[in-house]
Amino acid sequence: PKDSIREIRINQNPFSPEFDKLGFGRVEIFTKPGTAKFHADLGYNFATDKWNSRNPYAAQKAPFHLHELREMVSGPLGRRAAFNLAFMREWVDNGNAVNAVIVNPQTLAVTPFTGTPVAELRRTVVTPRVDYQLSTNHTLSVRYSYNRDIVRNAGTGGFNLESRGYHNNALGQTLQATETAVVGTSAINETRLQYFCPTTVSRANLPGPAIQVLE
């Protein structure tokens, strides 16, 4: 509806750094908080190694399992506010092929060695956002993002056995606040504040020194 439109922006600069792609005649329509209806979206995706080809140098096919769950809910919070909540959860088990040989130190006999260590990824993303209409020409938006990636047996594959893998735990939290003021028919002002706190912890599967032979 026309009365729910807060502002309309027409981008005449195709090389604007605000966007990740070129824009020719991009038109953006922003609505006032609290004027939209409730919306929900739910999606699920899965995949297995059934359709994957086998590594020709591996004795067995590397396992692979993927599950993705996405959910989004948005709607009004009274007459002057609106919310948006997005959630994503991923389970990915990705097998990596190890192709090597074992040399007998006494007879120098060569024995093929293959393995398929599995790297397990667990990803969780939660992003709530609240928009509030301070006045006719002023809008406040607050957004929080929680992103956590847990990977077990990372760094395996090739000549790296499971003992060379490591456990990686990455957590990123972002808090953003934006105040948008419509100054006139052809000018706006945005005041933005962001706080970002990343944390990454990596632990080896087996402690102790290692010898790496290049080439």
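Here are a few short exercises on this predicted model, each with a worked solution.

**Exercise 1. Find out where in the chain confidence is lowest and where it is highest.**

Solution. Start with the whole chain: its pLDDT averages 88, and 100% of the residues score at least 70. Then go element by element. Strand 1 has the lowest confidence, with a mean of 83, while strand 9 has the highest, at 95.

**Exercise 2. Describe the largest pocket: how much space does it hold, and what lines it?**

Solution. Step one is the volume, which comes to about 750 Å³. Step two is the lining, made up of 31 residues; those closest to the pocket centre are Arg6, Phe30, Arg129, Asp131 and Ser141. Step three is to place the lining on the fold. The strands that each supply at least two lining residues include strand 1 (5-11), strand 2 (26-31), strand 8 (118-133) and strand 9 (138-154). Strand 10 (166-184) and strand 11 (187-204) are also among them. Finally, sort the lining by character: 10 residues are nonpolar, 10 polar and 11 charged.

**Exercise 3. Do the same for the second largest pocket: which residues line it?**

Solution. The volume here is about 190 Å³. Its lining consists of Phe159, Asn160, Arg164, Ala210, Ile211, Gln212, Val213 and Leu214. By character, that gives 5 nonpolar, 2 polar and 1 charged.

**Exercise 4. List the members of the largest nonpolar core, then look at the surroundings of phenylalanine 64.**

Solution. The core has 6 residues, namely Phe64, Leu66, Val92, Leu121, Val151 and Ala154. Strand 4 and strand 9 each provide at least two of them. Now set aside the neighbours of phenylalanine 64 within four places in sequence: the remaining contacts are Ala47, Thr48, Asp49, Asn52, Val92, Asp93 and Asn94. Val92 is thus a contact of phenylalanine 64 and a member of the core.

**Exercise 5. Leucine 108 and asparagine 153 have a positive phi. Decide for each: buried or exposed?**

Solution. First, the background: most residues other than glycine have a negative phi. Leucine 108 has a phi of about 60°, and asparagine 153 has one near 65°. Next, locate them. Leucine 108 sits in the loop between strand 6 (98-103) and strand 7 (110-115), whereas asparagine 153 belongs to strand 9. Now apply the cut-offs. Leucine 108 has 61% relative accessibility, so it counts as exposed. Asparagine 153 has a relative accessible area of 14%, which is under 20%, so it is buried.

Terms used. Residues are numbered from 1 along each chain as its sequence is written. This is a predicted model: local features need pLDDT of at least 70, side-chain atom pairs count only at pLDDT 80 or more; totals for chains, interfaces and linings use all residues. Side-chain values use heavy atoms; hydrogens and water are left out. On a 1 Å grid over the protein atoms alone, a cavity is a set of points where a 1.4 Å probe fits but cannot get out, and a pocket is an open set with protein on both sides within 12 Å along at least five of seven lines; lining residues have an atom within 4 Å of a point. Grid points are joined across faces, edges and corners, and a volume is the space filled by probe spheres set on the points. Helices (H or I, at least four residues) and strands (E, at least two) are DSSP runs, numbered from the N terminus. Ala, Val, Leu, Ile, Met, Phe, Trp, Tyr, Cys and Pro count as nonpolar, Asp, Glu, Lys and Arg as charged, and the others, Gly among them, as polar. A nonpolar core is a set of buried Ala, Val, Leu, Ile, Met, Phe, Trp, Tyr and Cys residues joined through side-chain atoms within 4.5 Å. Buried means under 20% relative accessible area, exposed over 50%, partly exposed in between (1.4 Å probe, protein chains only). Contact means heavy atoms within 4.5 Å. pLDDT is the predictor's confidence in each residue, from 0 to 100.
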